[in-house]
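User: I am new to reading protein structures. Could you take me through one, feature by feature?

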Amino acid sequence: MRWLWMLLLMSGPWGTVRGGLPPEDLRTVRTRDAGTPRFFEPPADPVACRDLIASARARILTSAGLDPLPRRTPLEARRFSRFDGDGYTVETVLLQPWPGVFLGGNLYRPRSGLAPFPAVLLTHDHLDDGRLAASADAGIPGVCIALARSGCVVFAQDLIGYGDTVQFSGGSEPGAPSGERHRKAFRDPAYVLWNLNLLGQQLWNSLCAVDFVAGLDDVDPERIGAAGIGTGGLQTILLAAVDDRIRVTVPLATVSHLHQGSCECEQAPGLRLAYDNAALAAATAPRPQLLAGSIAGLTLNTPTIEGPSIARVYHALGTTNRFRTALVNSPPSGLQAGWEVVVPWMFRWLHGRSLSPSPVPVTPAIPPVTMLRGFPDNRPRPGALSESDFAASWIAERQRLLAELIPTDAATLDPYLETLMPLRERLLGAAEAHPAPLLIEGAFGREGRGDRVERLLLMPGQGPFDTAVVLVHPTGRAAIRPGGDREGFAIQLLEAGIPVLAFDLFQTRDPDATLAHHSPLVGNFTTDNRTLAQERVHDILAAIAYMREVVQPRRIVLVGDGMAGWWTLLAAPAADAVVADAEGRDWEDDAVLLAADRLVPGIRLIGGADGAASLTVPRPLWIHHTAGRFPAAATRAAYGAADAEDRLTLAPEPAGERALLRWILKRATSSK
């Protein structure tokens, strides 16, 4: 009879309908990939456009594993093999964007004119010869020469695996094709926990390449542009979005609503949860941008579909004249015809006037390829780090940055939280998910997101309530039904006047193992979709919002049982007090964090489980069943800095139901 009374309360005001939820959870059928058509819908007002630009910048850096940016180290630039051409010179350059890591390129300079000159960074596509491609349909050196003869210093850089940038090649043989070396780099699954990926390392190379050209004696650092074709165009877009030193851009054959790029260097965890390439290109605004499509391939419609959407962002910011589109008569992998738009656009914005009397032609007379290469044998230079050694040094630097942030007192706690809390939101895929109205029926979910979370709310009366419990359990609602694992616990809460909510998290009830969510490391699933863990954290956040809106308690205690303890810990800052089960696992073990139901790409950027727990400060937090294996240095430091050590409990044994109830009742009878 008691259970009947509790369940009948569901038909009262606690189940008010606020909108239409889908009849079933659509997240299982709404996964996306690089080939899913997408249309950019720009914001209408300047404030929202600026928010988009700032959010896209932060998202790129997080997905690229560059949040926060590492320390710059000396580039140790080496220049050699100078060639004197008609109106230009060119040298082969080797930079060190990281100690023991080498980036190759060619530096083109004007032979006449007055320094300082503007500069252009140029990035090639997936061409066999990379920056050296000089065929009739892919004239990389020709465009560089044309830019140099028009009065620009030009640095043409390698993509990883191409040209002289070959030390990271995933075990490929020295003579393997460039594309194979390129695609095999940075494929160790453990790198996902740091967002250490090909896209991010190429973006880091580009940032360091800008450092290089900006530091040249004959370059004006206030006049730097960037251009690229295909994946090089995407690098141009990403670079401009995160580096304001790039004042003008020309991405060619890059932006299409039909495809976002399928190479590993075009994918990174979370990059396209909220943005497509058109939205990322819009993040360049209000700086001048010429977005060019190709008459062949997927970018044929750039001027008619993507271009007008991006133009509306420029219009909202009052800079309509700074954005243009073009269609070049060039195959999608070529750049020979691209000079027709690249050179005049760069000249206009970097020199401040139109190119007259006519464009500088792309000369077919280019230097011998052997003079443009530093290491023609496709082998890395002596002293180059292996990929594994580099990864170890990169991760050590990320760990050092985290260690520097760990708070020691109240003054250092705020910077710690201000840095890691927004990063946590991006890692969970929550930062760009602007709060949507909560829809409530027999279930709850967020409007427009396709989610439907079935719930069971047990109420001891009509309230008001001081405390309510959100129970996160692997069996969901069944845990508090008759015969459920937490039936007795729920009854005791009700007898104490505390409402309790349980709900079915995404793919925990009748999971479908064939869904891509259960194999998130296959392909580039995480670029466009949330993992199981990320989706479940979103469900917990929605459950907390539901409890606050419907029950309106003064405080919410979040309790995570078993495997749900991890998701609870990730959602903890949204609650007022938290109990999380550590399952007795070793949370320093990569294998634990790489499991499909725990994977949050980049989670080690905030310190893994320890960092996640530390962000609960100063709320009461009880992590139980640690078996002495839960890392807690940052968590203890944060609570110490907040003078809240008495609110943190780490217990090696599992929490008993009686002890758990006492802990909750103590919260209910004390001030928040």
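User: Which are the buried residues of helix 3?

Analyst: First, the ground rules. This is a predicted model, where local features need pLDDT of at least 70, side-chain atom pairs count only at pLDDT 80 or more, and totals for chains, interfaces and linings use all residues. Residues are numbered from 1 along each chain as its sequence is written, and side-chain values use heavy atoms, with hydrogens and water left out.

Now two terms. Buried means under 20% relative accessible area, exposed means over 50%, and partly exposed is in between, with a 1.4 Å probe and protein chains only. Helices (H or I, at least four residues) and strands (E, at least two) are DSSP runs, numbered from the N terminus.

The buried residues of helix 3 are Ile140, Pro141, Gly142, Val143, Cys144, Ile145, Ala146, Leu147 and Ala148. That is nine of the 10 residues in the run 140-149, so helix 3 is largely enclosed by the rest of the structure. After helix 3 comes Gly151, with a positive phi near 105°.

User: How many disulfides are there?

Analyst: A disulfide is a covalent bond between the sulfur atoms of two cysteines. The cut-off here is a pair of cysteine sulfur atoms within 2.5 Å. By this rule the count is zero. Take Cys144: its nearest cysteine sulfur belongs to Cys152, 11 Å away. Cys144 is buried, at 0% relative accessibility.

User: Why does Cys265 have no bond to Cys263?

Analyst: The two sulfurs are 3.6 Å apart, and that is too far for a bond. Cys263 holds the closest cysteine sulfur to that of Cys265. Cys265 is buried too, with a relative accessible area of 1%.

User: What should I look at in a pair of aromatic rings, and how many pairs does the structure hold?

Analyst: A pair is described by the distance of the ring centres and the angle of the planes. Rings of Phe, Tyr and Trp (its six-membered ring) pair if their centres lie within 6.5 Å; planes under 30 degrees apart are stacked, over 60 edge-to-face, and the rest tilted. The structure holds 17 aromatic pairs. One of them joins Phe83 and Tyr88, whose centres are 6.5 Å apart and whose planes meet at 35°, so this pair is tilted. Phe83 is partly exposed at 22%, whereas Tyr88 is buried at 2%.

User: Which residues do ring pairs link into a cluster?

Analyst: The cluster is made of Trp98, Phe168, Phe186, Tyr191, Trp204, Phe390 and Trp394. Look again at Phe186. Its phi is positive, about 60°, although Phe186 is not a glycine. Phe186 lies in the loop between helix 4 (178-183) and helix 5 (198-214). Phe186 is buried, with a relative accessible area of 6%.

User: Where is Gln552, and is it buried or exposed?

Analyst: Gln552 is in the loop between helix 15 (532-550) and strand 17 (555-560). It is exposed, at 56% relative accessible area. Gln552 also has a positive phi, near 55°, and is a residue other than glycine.

User: Which ring does the charged end of Arg78 sit over?

Analyst: The test is that NZ of Lys or CZ of Arg is within 6 Å of the ring centre and within 35 degrees of the ring normal. Arg78 sits over the ring of Phe80, 4.5 Å from its centre. Arg667 does so over the ring of Trp663, at 4.3 Å from the centre.

User: Where are cis peptide bonds found?

Analyst: One runs from Ala285 to Pro286, with omega near 5°. Pro286 lies in the loop between helix 7 (277-282) and strand 10 (289-294). Another joins Val617 and Pro618, with omega about 0°. Pro618 is in the loop between helix 18 and strand 19 (621-624).

User: How many cavities does a search find?

Analyst: Rolling a probe the size of a water molecule over the atoms shows where empty space is left. On a 1 Å grid over the protein atoms alone, a cavity is a set of points where a 1.4 Å probe fits but cannot get out; lining residues have an atom within 4 Å of a point. Points are joined across faces, edges and corners, and a volume is the space filled by probe spheres set on them. The search finds six cavities of 30 Å³ or more. The largest has a volume of about 80 Å³. Of its 13 lining residues, the closest to the centre are Pro269, Gly270, Leu427, Gln534 and Pro601.

Methods. On a 1 Å grid over the protein atoms alone, a cavity is a set of points where a 1.4 Å probe fits but cannot get out, and a pocket is an open set with protein on both sides within 12 Å along at least five of seven lines; lining residues have an atom within 4 Å of a point.
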